[in-house]
Amino acid sequence: MSRKRRPAHRQPALAERTDAQQAEELEALARKYPRDQEELLTEAAEFYTRAGQHERALALFQQVLDSDCEDPHLIEAFRIDTLWNAGRTDQAREAAEALRRRHPADAGPWEIVAEMFEVADHLHEATDWFTAGVTHLLGPATPLSVDAVHDAADGNGIEMLIISRHRVRRRLGQPCDDLDQLAHNLYDNRPAQLRATSTLDDLHNPKLREAAGNDPQALIASIEELALEVEARRAARSRPRMTCALFWSPDEFTQLLETWPELADRYGTEHHEHTRHVEQMLQRLSDEGEPHLGIAHGTVSDFESFTREESPQDGDARAHYAADLAARGQAIPWPPPRNSPCWCGSARKYKKCCGNPAT
């Protein structure tokens, strides 16, 4: 028997609510929706951390760990980082070593602890954690190649560890080694729009940080930028994996069919047909019990870069593109609240647009 669609738990955050208030609301939602307790309490703990209420955050992380949580190593890494931010650095180091002995099988815990040390300017310890994570996840005997990373179980996570390791080693002024060369190859292999600069050395140029050191405001901005980057990665790691439908806006849909007319066999020739199909597919997945659904908005230029070695007509290529958009944070949860604007961009309420059962 199929499960009913999960309700949309939260309304969009109001600007006047404080971080602590949002944390308290998430705690209340966790009590109301125990099936989603791990996700909601983890997010609540993040808000408490932002509010400087580290002890409340630590209590929530411990509550999640004491339950039957899906990813205890990731939650423990968040807890360790919060211990460090609370000034309990000795406890954080002790817990980090204990976590390391458990050999997490995903990149997230390694990355969080390594970046904790990096933000605190303990660069040698950060390098050690990045290196240990790559060695454990990729395997000491695996060839250091782009294909080996992409074929690994957590290829995207391993790539981030390798590139982050390069950043820290550049700050330390250490010579390029085999893993650094692999970082260059991975960066060069990315689509053009995912590369901030022409080379990885330009991106991780330590002279830019040194120049900022002569300007207090620039140094503050540099530190804040790194902190925001770490926070964004942590948020992405704490979000549940989202199963996404690929959606093309009217203009992109027209350009898509002009570029690849054969895709009309998959999408139809009218945009309203495509929109209806996306909603129906997500409804079906929801009825089958699939959690954490979303919509990824594609663009033709980005899709062309993503599929440069694959056929755009291949269904797997489109599915991989949707998953990649979700991993980059370019997807929205589905369904939206019934009184919120519809996901399709019509500006009508969802309940009167794609969410209307009569449509």
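**Contacts and packing in the predicted model**

Apart from its neighbours within four places in sequence, Cys342 is in contact with Arg348, Lys349, Tyr350, Cys353 and Cys354. The model is a predicted one. Cys342 belongs to the segment after strand 3. Its relative accessible area of 6% is under the 20% cut-off, so Cys342 counts as buried. Between Cys342 and Cys353, one of these contacts, the separation is 11 residues in sequence and 6.4 Å in space, C-alpha to C-alpha.

The secondary structure of the protein consists of 18 helices and 3 strands. The protein has 359 residues, of which 43% count as buried. When contacts between residues at least 6 apart in sequence are considered, 60% of them join residues at least 24 apart.

The sheet is described next. It is an open sheet of 3 strands in the order 1-2-3, and its pairing is mixed. Strand 1 (243-248) and strand 3 (331-334) are the edge strands, each pairing on one side only. On average, and with direction ignored, neighbouring strands of the sheet are turned by 35° against each other. Helix 16 (residues 271-287) packs on this sheet and touches strand 1, strand 2 and strand 3. The direction of helix 16 makes about 175° with that of strand 1.

Mixed pairing can be followed strand by strand. Strand 1 and strand 2 run parallel and are joined by 6 bridges. Strand 2 (residues 293-298) pairs with strand 3 in the antiparallel sense, over 4 bridges. Gly294 in strand 2 stands opposite Cys244, and Gly294 also stands opposite Pro333 in strand 3. The bridge partner of Leu293 in strand 3 is Trp334. Of the 6 residues of strand 2, 5 are buried, so this strand is largely enclosed by the rest of the structure.

Beyond strand 2, Thr299 lies in the loop that leads from this strand to helix 17 (300-306). With a relative accessible area of 29%, Thr299 is partly exposed, because this value falls between the cut-offs of 20% for buried and 50% for exposed. Thr299 and Ser249 are separated by 50 residues in sequence, and their C-alpha atoms are 8.3 Å apart in space. Leaving aside neighbours within four places in sequence, the contacts of Thr299 are Trp248, Glu252 and Tyr321. Of these residues, Trp248 falls within strand 1 (243-248).

Two helix pairs were examined. The first involves helix 4 (residues 72-85), which has 14 residues. From its first C-alpha to its last, helix 4 reaches 20 Å, close to the 20 Å expected at 1.5 Å a residue. Helix 4 is mostly covered, with 11 of its 14 residues buried. These buried residues are Leu74, Ile75, Glu76, Ala77, Phe78, Arg79, Ile80, Asp81, Thr82, Leu83 and Trp84. Gly87, which follows helix 4, has a positive phi near 90°.

Helix 3 (residues 54-66) packs against helix 4 at an angle of about 165°, and the two axes are 10 Å apart. Because the angle is over 145 degrees, helix 3 is roughly antiparallel to helix 4. Their crossing is left-handed. On the helix 3 side the residues that meet helix 4 are His54, Ala57, Leu58, Phe61, Gln62, Val64 and Leu65. The helix 4 residues they meet are Pro72, Ile75, Glu76, Phe78, Arg79, Thr82, Leu83 and Asn85. The list of buried residues in helix 4 includes Ile75, Glu76, Phe78, Arg79, Thr82 and Leu83.

The second pair is formed by helix 7 (residues 123-138) and helix 9 (residues 155-172), which pack at an angle of about 150° with their axes 9 Å apart. This angle is also over 145 degrees, and helix 7 and helix 9 are therefore roughly antiparallel to each other. The crossing of helix 7 and helix 9 is left-handed. Helix 7 contributes Leu123, His124, Ala126, Thr127, Phe130, Thr131, Gly133, Val134, Leu137 and Leu138 to the contact. Helix 9 contributes Ile158, Leu161, Ile162, Ser164, Arg165, Arg167, Val168, Arg169, Arg171 and Leu172.

How values were computed
Residues numbered from 1 in each chain as written. Predicted model: local features only at pLDDT ≥ 70, side-chain atom pairs only at ≥ 80, totals over all residues. Heavy atoms only, no water. Pairing = 2+ DSSP bridges. Helix = DSSP H or I, 4+ residues; strand = E, 2+ residues; numbered from the N terminus. Axes fitted to C-alpha atoms, helices over the stretch in contact; angles between N-to-C directions. Contact = heavy atoms within 4.5 Å. Expected span 1.5 Å × (residues − 1). Buried < 20%, exposed > 50% of the residue type's maximum accessible area, 1.4 Å probe, protein only. Parallel < 35°, antiparallel > 145°, perpendicular 65-115°, else oblique. Left-handed = near helix turned anticlockwise from the far one by under 90°.
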